[in-house]
Amino acid sequence: MNPTSMPLGRHTRFRTTDVGHAEAAAALVMSPHRLRVARPREFGARGHAVDIGCSKLAYVVYDTDVDLTAVAPMDYFTILLILRGSMHVLTEAGEARIDAGRAGVVSPGDLLRLRFAPGTVQIAAKLPREVVERAYARISAEPGPRLVFDVSAPHDSPCPHVLQLAVDTVDRCESGVLPPGVTGELERMVVTTLLLSQPHSGTRHMLRGGGTRGYRAAGLAAAAIEANLMAPLDVADLARTAGVSLRTLQDGFRSRYGEPLTTYHRNLRLDHAHRLLSEADAGGVTVAEIAIACGFLHLGRFAREYRLRQGVTPSATLHSPRDADNAARFG
């Protein structure tokens, strides 16, 4: 078979019948491990690998039965898709048999033992812990526990299809070198799919979207803003005061008020400016003075946002509040 016709064929890392060589070469792709082979004379292994962002995609074939044991702690997550053959996985999170067409997930830890049936072919995605945790933080409403995934992927998991799509995308690049933007998107696609489809220790925190805590926290923060409307907005301090994460507070504002916290704050100030302009003596105060008093230092932006909010210009409100407002709103 032409090597380039195989998955990730332009990115061969090793092809050997020597167990020691296979151990050393595979360790450079994944992490240090020990290979035990019942029939060394029948042993053969092949590995292809390519970087996608900070992660790796790999294609590995073992011609005979192989027992793989990690010899160093792993600081990354691995998705393993079995294309042919089967694999038995034992980790700190549990154990499972993964057959052809199914995927398994290995979480960071000290314990890993994989037993491959003869002729097993697999695609693997190596995802650094920090990459997965950053993605979780982007998605989750609240900080969660240390991420540990179920070992066996559900029957309807999209992970096999996404891994295959990532490999196919790499293989469609005739030069073998993908633009950084493409590899970054492939990594993001794989990590996001893993987080959203594979059960894990943080699923409940990730999917509850702030819940009642966010709704309650938004009310507390709104009251604090209204009580001191002219103070600089410190969203991190508001979240701490409400006893929730910033993401939970933001989700709570969208749920309770239908808009982000910063938009809510700005609209309160615009409404306050409208009241002051409506009640002011046109000869005794200027639009600029009221804008600055309400925290708007960029007068052009204030005028634009005021008109979008109130339907009239600040000057029209100041000089003829009732007529201008009525004409704009009802005429």
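The following paragraphs describe the sheets, helices and cysteines of a predicted model.

The description begins with the six-stranded sheet. Its strands form an open arrangement in the order E1-E3-E4-E11-E6-E9, and their pairing is antiparallel. Strand E1 (12-16) and strand E9 (103-106) lie at the edges, each pairing on one side only. From one strand to the next, the twist averages 15 degrees. At the E1 edge, four bridges join E1 to strand E3 (residues 45-52), and these two strands run antiparallel. Within this pairing, Phe 14 stands opposite Gly 47 of E3.

Two helices are associated with this sheet. Helix H1 (residues 19-29) packs on the sheet and touches E1, E3, strand E4 (55-62) and strand E11 (121-128). The direction of H1 makes about 165 degrees with that of E1. Helix H2 (residues 129-139), for its part, lies across E4, strand E6 (76-84) and E11, and runs at about 70 degrees to E11.

H2 also packs with helix H4 (residues 180-197). The angle between H2 and H4 is about 65 degrees, and their axes are 10 Å apart. H2 is therefore roughly perpendicular to H4, because angles of 65 to 115 degrees count as such. The crossing of the two helices is right-handed. On the H2 side, the residues that meet H4 are Val 131, Val 132, Ala 135, Tyr 136, Arg 138 and Ile 139. Their counterparts in H4 are Glu 187, Arg 188, Val 191, Thr 192, Leu 195 and Leu 196.

A further open sheet has five strands in the order E2-E5-E10-E7-E8, again with antiparallel pairing. Here the edge strands are strand E2 (33-37) and strand E8 (94-99), each of which pairs on one side only. Neighbouring strands of this sheet are turned against each other by 15 degrees on average, direction ignored. Strand E7 (residues 86-91) pairs with the edge strand E8 in the antiparallel sense over six bridges. One of the bridge partnerships links Met 87 to Ile 98 in E8.

The cysteines remain to be considered. A disulfide is a covalent bond between the sulfur atoms of two cysteines. The model contains zero disulfides, counted as pairs of cysteine sulfur atoms within 2.5 Å. Cys 159 is in no disulfide, and the nearest cysteine sulfur, that of Cys 54, is 19 Å away. Cys 159 counts as buried because its relative accessibility is 2%, the threshold being under 20%. Cys 294, with a relative accessible area of 0%, is buried as well.

Notes
Residues are numbered from 1 along each chain as its sequence is written. This is a predicted model: local features need pLDDT of at least 70, side-chain atom pairs count only at pLDDT 80 or more; totals for chains, interfaces and linings use all residues. Side-chain values use heavy atoms; hydrogens and water are left out. Buried means under 20% relative accessible area, exposed over 50%, partly exposed in between (1.4 Å probe, protein chains only). Two strands pair if DSSP finds at least two bridges between them. Axes are lines fitted to C-alpha atoms, for helices over the stretch in contact, and angles run from 0 to 180 degrees between N-to-C directions. Contact means heavy atoms within 4.5 Å. Angles under 35 degrees count as roughly parallel, over 145 as roughly antiparallel, 65 to 115 as roughly perpendicular and the rest as oblique. A crossing is left-handed if the near helix is turned anticlockwise from the far one by less than a right angle, and right-handed if clockwise.
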